[in-house]
Every structure is written in structure tokens, then in C-alpha cells.
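Biologist: I would like to go through this model with you and ask how each label is earned. Could you set the values against the cut-offs as we go?

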Amino acid sequence: MRRDLGEGLVLRWTTAADTEAVAALVGAVFRGREDEEPNHGLMDTVRRYMRVDYPFMGPDDFVVVEDTSKDGSPIVACTCYLREEWLFDGIPIAVGRPEIVATEPGYRNRGLIRAIFSAVHERAAKDGTLIQGITGIRYFYRQFDYEYAIDLGGGVTLPAPLLPELRDGGEEPYRLRQATRADIPFIAACYRHQQRDSLVTCGLPEEFWRYHIDAEHAGDALEAHSRIRVIEAAGGTPCGFLLSPYGRHGDSFGPRLLGFQAGTNLHAVAPSLLRGLKDMGEKVPSTRDKPVARIVLDLGPTHPFYQVLSADWAPRNDGPYAWYIRVPDLPAFVRTIAPVLERRLAASSLVGYSGDLAFDFYRGGLRLTFTAGTLQDVESAEFGPYDTSSNGGFPPLVFLRLLFGHRSLDELRSAYPDVWAASEIRPLIDVLFPKASSRLFAL
């Protein structure tokens with residue numbers, strides 16, 4: 001697909017031959033200052049994404065804009081398109097994810113990213129994905145119909161000098177070791193157990209674990225893989241795992257995923273694990289020659305490991321950011337998660353409910369029809385000037401925050417004066433769309 005954007009600018013999808021040109025653009029754009037070195041880590045991410053062995057995309061999954069009016073037709077804007085599967089309370093959902101959005105400074109404010117996102121959304125529709133999600137900069141993606149709707153990150157930071165020390169001559173009761181392919185079933189089981197109370201979670205297939213384990217064992221020079229460690233007792237019995245970045249930036253280090261086997265005493269594991277993380281952080285490549293000063297547990301705001309962190313270690317709580325979520329066909333998505341809504345209804349005091357929920361979004365709306373506790377129909381709705389059939393209202397896209405459990409109805413009513421619900425259906429909304437936490441891992 002090639003699309004002429006005028007003035008010599010052409011939008012198209014990539015091939016493997018574009019890898020270094022895309023990497024150069026990304027490395028130049030994602031710098032703190034113009035006089036800094038290119039972002040080599042993110043350049044390596046591009047190279048990994050555009051190889052044929054990456055599990056979630058390949059060499060033809062960047063969409064770019066090139067300037068054909070200049071020698072060499074340089075690439076001046078891009079984003080990639082990841083294909084993932086998320087689980088919404090256990091129900092698989094196909095997801096398309098734009099990431100690594102970059103524009104050469106001289107080409108900004110010309111609508112290039114809008115054109116790129118249009119192409120991504122067309123691809124997502126063709127692929128049949130129900131959701132698009134992005135972990136992007138503040139505000140920007142709202143203009144493309146994305147809304148903050150799921151927690152992203154958040155957790156605890158601990159000063160490394162205050163971590164407990166191992167007594168002289170003592171043996172570490174727990175240790176970290178490099179994972180192998182043989183550990184994958186155990187790691188996957190720990191991950192599922194850790195995510196069991198998360199409303200939305202990322203389905204990580206065996207290929208994901210195998211890819212990162214193999215990359216480290218092969219000594220791959222490209223930075224953009226993760227390090228996976230098994231947490232085991234001194235006798236060799238495994239009890240959990242962690243996944244951390246390839247290296248560290250500055251003086252902070254920590255895992256991006258941390259999971260344990262059911263029945264593990266986290267209080268007993270914590271001191272050894274934190275010491276192991278500090279030691280690991282000292283050994284990985286660092287962009288700056290600084291010792292590890294902080295252990296950052298950016299595991300989501302509700303991870304159970306936080307409960308065993310001693311006050312003597314001076315943990316500091318860090319609030320989450322949020323995922324941007326886009327749901328282009330809301331009725332189709334709600335129909336897909338109908339079993340979740342029906343389970344919630346069946347477990348409530350409103351079991352067997354019959355009736356309509358009609359939400360006015362001020363630019364269209366949504367109608368849900370229940371019969372004896374079963375969701376019979378979901379359809380888009382329009383409400384005219386004399387139509388009083390709606391029994392609730394949300395500004396455009398704000399309903400997504402309720403749908404994904406990010407905020408309760410009362411919290412939304414407090415934050416948005418134009419969120420409302422008729423008193424008789426508020427209990428029903430609370431049952432169908434309760435506030436629920438999610439620890440959604442970002443690849």
C-alpha cells in the first residue's frame with residue numbers, strides 16, 4: 001500500500017530493507033537533547049522488531065512516511081504495529097498496538113502521524129482486532145479517539161542503601177539464576193497465577209518466553225530483549241520468576257514482571273530477592289557509570305509483593321500512568337465480553353435482571369438489552385431532542401474508563417459533571433461495570 005500525501009511525501013508499509021533507516025529516525029527523535037547520542041537501545045528495539053523472529057510483528061509492520069523529493073527518499077515519520085492477545089476477565093481479545101511513534105522535527109504539525117494512525121487503524125480493522133492500545137505521551141493520542149482506561153505501571157521505589165544486608169558468613173536462602181527453555185512451563189504458570197486477579201492481562205505465549213531466553217543465551221548484541229531469572233531456594237527448588245530490562249539507564253534498576261508459585265512465602269523471599277536485584281543491576285550494561293541507588297518495582301499499583309516490604313526499607317509509592325485504549329466498534333466489544341457481564345449479574349442481588357441500559361454519549365450512544373439475566377442485544381444508539389429513553393450519559397470516550405474498570409461510576413460522576421445515571425439503574429451499572437485493577441504488561 002502506497003498513499004500520496006502531497007509535496008513528495010508518500011506513506012507506505014516497510015520491508016526489511018528499511019530497517020536501518022527506521023532505526024536512524026527513531027534513534028534521532030528519542031533523545032533528551034539535540035546534541036545527545038542517538039538512542040541506541042531503541043534503535044536496537046527497531047532492529048529486533050523488524051527481524052523475522054520477533055513474536056509479535058515483523059519487517060513489514062512499520063508504517064512510514066518518506067520524502068521522495070529528497071535524495072535517497074529519507075523516512076521522516078513512522079510507527080510500528082504489534083499484534084497481541086489480551087484477556088478481559090479470561091476472554092481472549094485480539095489487540096493491535098501502535099508504538100514507537102516518531103516524526104523528524106522539521107516535518108511536524110503537517111498531519112503525518114494522523115495519516116499513519118489512519119493506516120494502522122485500517123490494518124487493525126482488516127485484522128479483526130477489537131482494541132488498539134498505546135503507552136504514549138500525555139494527551140496526544142486523544143485526538144485519534146484513544147482514552148486513558150487501564151493503569152500502566154505504578155509501584156514502589158526502594159533506596160538501595162537501606163536494603164537488608166546478609167549476615168556475615170550467612171548463606172542466601174533464595175537466589176536468582178538464568179532461565180532456560182525447560183523453565184518455561186513453570187514461568188508461565190507463575191505468570192498466570194500472579195495475574196489471576198487482574199481484569200485485563202496480556203496473554204504471553206510460549207514464543208514470548210522462548211524468544212527472550214534464547215536471545216540471552218545466544219549472547220545477542222541487540223539490547224532490546226529482556227532478562228528472565230528464576231527465583232529458587234538454596235536447595236534449587238523454584239518458587240518464582242522475574243523479567244527485567246536488558247540494561248539500565250542511570251542508577252535505577254528493577255523487574256518489569258514478578259511472579260510466584262502459589263503458596264510462596266513472599267515475606268521470606270523478599271530480602272534475598274531485593275539483594276539479588278541490586279547485584280543483577282550492578283552487572284547489566286548501563287548508559288551511565290553509576291552504582292544502583294534505587295530498586296524500582298514498577299509492577300502495577302496492586303502487586304501482592306508490596307505487602308511484605310518493610311517500612312525500614314523506606315518504600316516510596318509511585319502512582320501509575322495509564323494506557324490509552326481505543327475501541328472502534330463498541331457494540332462488538334461488549335458482545336464479546338457478554339459472558340463477563342452475565343457472570344457479574346448472576347453473582348449479584350440483581351440476578352435475572354430484564355431491561356435496557358441506554359447510554360447517551362452525546363455523539364451517539366449504546367443500548368444493552370437484558371432478558372432474564374442474559375445480554376440479548378447490544379447496538380449503537382442515537383438520541384433525538386425529545387428522546388427520553390436514555391438512562392445514563394457519558395462524554396465521548398469516557399465510558400471506556402468505566403468499561404475497563406479504571407474508575408467507578410461515582411468517581412466518574414465526581415470528575416465529570418456531564419456523567420449521569422438515573423438513580424434506579426446505578427446499582428445495575430455498579431454490578432456490570434465495577435472498578436477493577438489491571439496489571440497489564442507492556443511488551
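Biologist: What makes H2 mostly covered?

Modeller: A count does, and please keep in mind that this is a predicted model. Seven of the 10 residues in H2 are buried. Those buried residues are Gly41, Met43, Asp44, Thr45, Val46, Arg48 and Tyr49. They pack against helix H1 (19-29), S3, S4, S5 and helix H5 (206-217).

Biologist: Arg48 is on that list. Why is Arg48 called buried?

Modeller: Buried means under 20% relative accessible area. Arg48, which lies in helix H2 (residues 40-49), has 1% relative accessibility, so Arg48 counts as buried.

Biologist: Which residues does Arg48 touch, beyond those up to four places away in sequence?

Modeller: Arg48 touches Tyr54, Tyr211, Ala215, Asp220, Leu222, Ala224 and His225. Take Ala224: Arg48 and Ala224 are 176 residues apart in sequence, yet their C-alpha atoms are 6.8 Å apart in space.

Biologist: And Asp18, in the loop between strand S2 (9-13) and H1: why is Asp18 counted as buried?

Modeller: The cut-off is under 20%. Asp18 has 10% relative accessibility, and therefore counts as buried. Leaving aside neighbours within four places in sequence, Asp18 is in contact with Arg12, Met50 and Ile75.

Biologist: How do you know whether Thr103 is buried or exposed?

Modeller: Again by comparing a value with 20%. The relative accessible area of Thr103 is 9%, so Thr103 is buried. Thr103 sits in strand S5 (residues 91-103). With neighbours within four places in sequence left out, Thr103 is in contact with Leu25, Val29, Val76, Ala77, Arg108 and Ile113.

Biologist: Is Ser69 buried or exposed, and what decides it?

Modeller: Exposed means over 50%. Ser69 has a relative accessible area of 54%, so the label is exposed. The residue belongs to the loop between S3 and S4, and apart from neighbours within four places in sequence, Ser69 is in contact with Glu7 and Gly8. For a sense of separation, the C-alpha atoms of Ser69 and Ile231, 162 residues apart along the chain, are 55 Å from each other.

Biologist: Now the backbone. What makes the phi of Ser73 worth a mention?

Modeller: Most residues other than glycine have a negative phi. Ser73 is not a glycine, but has a positive phi of about 45 degrees. Ser73 is found in the loop between strand S3 (62-67) and strand S4 (75-88). At a relative accessible area of 24%, Ser73 falls between the two cut-offs of 20% and 50%, so it is partly exposed.

Biologist: What is the phi of Ala314, and where does Ala314 lie?

Modeller: Ala314 has a positive phi of about 55 degrees although it is not a glycine. Its place is the loop between strand S15 (294-297) and strand S16 (316-318). The relative accessible area of Ala314 is 33%, so Ala314 is partly exposed.

Biologist: How do you know that the span of H3 is close to what is expected?

Modeller: Helix H3 (residues 112-127) has 16 residues and reaches 23 Å from its first C-alpha to its last, and the expected value at 1.5 Å a residue is 22 Å. Among the buried residues of H3 are Leu112, Ile113, Phe117, His121 and Arg123. Just after H3, Gly128 takes a positive phi of about 80 degrees.

Biologist: How many disulfides does the structure hold, and why does Cys80 not form one?

Modeller: The structure holds zero disulfides. A disulfide needs two cysteine sulfur atoms within 2.5 Å. The closest cysteine sulfur to that of Cys80 is in Cys78, 7.9 Å away, so the pair is too far for a bond. Cys239 is in no disulfide either, with the nearest cysteine sulfur, that of Cys190, 7.9 Å away. Cys80 is buried at 0% relative accessibility, and Cys239 is buried with a relative accessible area of 8%.

Biologist: One last topic: which residues lie nearest the centre of the second largest pocket?

Modeller: Val327, Phe361, Arg363, Pro396 and Leu397 do, out of 21 lining residues. Helix H7 (330-336) and helix H9 (399-403) are the elements that give two or more residues to this lining. The lining divides into 11 nonpolar, four polar and six charged residues, and the pocket holds about 550 Å³ of space.

Conventions: Residues numbered from 1 in each chain as written. Predicted model: local features only at pLDDT ≥ 70, side-chain atom pairs only at ≥ 80, totals over all residues. Heavy atoms only, no water. 1 Å grid on protein atoms, 1.4 Å probe; cavity = no way out; pocket = protein on both sides within 12 Å on 5 of 7 lines; lining within 4 Å. Points joined across faces, edges and corners; volume = space filled by probe spheres on them. Helix = DSSP H or I, 4+ residues; strand = E, 2+ residues; numbered from the N terminus. Nonpolar A, V, L, I, M, F, W, Y, C, P; charged D, E, K, R; others polar. Buried < 20%, exposed > 50% of the residue type's maximum accessible area, 1.4 Å probe, protein only. Expected span 1.5 Å × (residues − 1). Contact = heavy atoms within 4.5 Å.
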